[in-house]
Structures are given as structure tokens and as C-alpha cells.
Amino acid sequence: GGAVKSQLGRSPILLIDEVASELDELGRQKVVQALGQSGCQVFAATAEPQSLDWPGDRFVMRQGSAEKL
């Protein structure tokens, strides 16, 4: 997000799909840590939500509605 922030003058909103699908546990931890320290607002989608120790709010989609976990 740093390069985008320097161009825009503000932090971007990151939209990430399957953020951890191809990573091992250490890789997942590093990605989550980096995103948490980025200063960006992050929306991440995954089919394995229980596998991430996400630092912010988490939601699940059920029958077309988002429910906060």
C-alpha cells in the first residue's frame, strides 16, 4: 500500500480474495501481520475463515447477508 499511498496521498482500500489459500501457516501469519501493519483498510475473502487469526472484525456470508462473528 505504500506506493499507492504516496501517489494518492491516502491509504488505499485493499480487496483480497483467497488471501491464504496457497500459503503454509507461517506464510499466512506473515501476510496477516503485514496487512495489519499496512495502515490500509482490508477486506479479505477466504473459504477457510477459521484458519486465520485476523486482527479485525470478521463476517460470514449466510443466505446473502453478512453476519458479524
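In this predicted model, the largest pocket has a volume of about 610 Å³. Its lining is made up of 21 residues, and those closest to the centre of the pocket are Ala44, Trp54, Asp57, Arg58 and Phe59. Three elements give two or more residues each to this lining: helix α2 (25–37), strand β2 (41–45) and strand β3 (59–62). Of the contributors, β2 gives the most, with five residues. Sorted by class, the lining holds 15 nonpolar residues, together with four polar and two charged ones. As for how such spaces are found, rolling a probe the size of a water molecule over the atoms shows where empty space is left.

The pocket is one feature of a chain whose overall plan is easy to follow. The protein chain contains two helices and four strands, and a reader moving along the sequence meets them in the pattern α-β-α-β-β-β. Taken along the principal axes, the C-alpha atoms fill a box of roughly 40 × 30 × 20 Å. The chain has 69 residues, of which 16% count as buried. Among contacts with a separation of 6 or more, 42% are made by residues 24 or more positions apart.

Which residues form the largest nonpolar core? Seven do: Val19, Ala20, Val32, Leu35, Cys40, Val42 and Trp54. A general tendency is worth recalling here: in soluble globular proteins, nonpolar side chains tend to be buried together. Tryptophan 54 belongs to this core and is also among the residues closest to the centre of the largest pocket. Leaving out residues up to four places away in sequence, tryptophan 54 touches Val32, Leu35, Val42 and Ala44. Valine 19, another member of the core, sits in the loop between β1 (13–17) and α2. Is valine 19 buried or exposed? It counts as buried because its relative accessibility is 13%, and the cut-off for buried is under 20%. Valine 19 and glycine 9 are 10 residues apart in sequence, and their C-alpha atoms lie 26 Å apart in space.

A useful comparison is offered by lysine 68, which belongs to strand β4 (residues 65–68). The C-alpha atoms of lysine 68 and arginine 58 are also 10 residues apart along the chain, and they are separated by 5.9 Å. Once neighbours within four places in sequence are set aside, lysine 68 is in contact with Asp57, Arg58 and Phe59. These three residues appear again among those closest to the centre of the largest pocket. With aspartate 57, the side chain of lysine 68 makes a polar contact of 3.5 Å. Lysine 68 nevertheless counts as exposed, because its relative accessibility is 54% and exposed means over 50%.

Helix α2, one of the elements that line the pocket, carries two residues with contrasting surroundings. Lysine 30 is found in this helix and is exposed, since its relative accessible area is 52%. Arginine 28 is found in helix α2 as well, but it counts as buried because its relative accessibility is 15%. Distances to other parts of the chain can be given for both. Lysine 30 and aspartate 57 are 27 residues apart in sequence, with 19 Å between their C-alpha atoms. For arginine 28 and methionine 61, the separation is 33 residues in sequence and 22 Å from C-alpha to C-alpha.

A final point concerns the backbone in the loop between β3 and β4, where glutamine 63 is found. Which value does phi take at glutamine 63? It is near 50°, a positive value in a residue other than glycine. For background, most residues other than glycine have a negative phi. Glutamine 63 also counts as exposed, because its relative accessibility is 86%.

Technical notes
Residues are numbered from 1 along each chain as its sequence is written. This is a predicted model: local features need pLDDT of at least 70, side-chain atom pairs count only at pLDDT 80 or more; totals for chains, interfaces and linings use all residues. Side-chain values use heavy atoms; hydrogens and water are left out. Buried means under 20% relative accessible area, exposed over 50%, partly exposed in between (1.4 Å probe, protein chains only). Contact means heavy atoms within 4.5 Å. A polar contact is a pair of N or O atoms within 3.5 Å; within protein, one must be able to donate a hydrogen and the other to accept it, and residues adjacent in sequence count only if both atoms are side-chain atoms. On a 1 Å grid over the protein atoms alone, a cavity is a set of points where a 1.4 Å probe fits but cannot get out, and a pocket is an open set with protein on both sides within 12 Å along at least five of seven lines; lining residues have an atom within 4 Å of a point. Grid points are joined across faces, edges and corners, and a volume is the space filled by probe spheres set on the points. Ala, Val, Leu, Ile, Met, Phe, Trp, Tyr, Cys and Pro count as nonpolar, Asp, Glu, Lys and Arg as charged, and the others, Gly among them, as polar. A nonpolar core is a set of buried Ala, Val, Leu, Ile, Met, Phe, Trp, Tyr and Cys residues joined through side-chain atoms within 4.5 Å.
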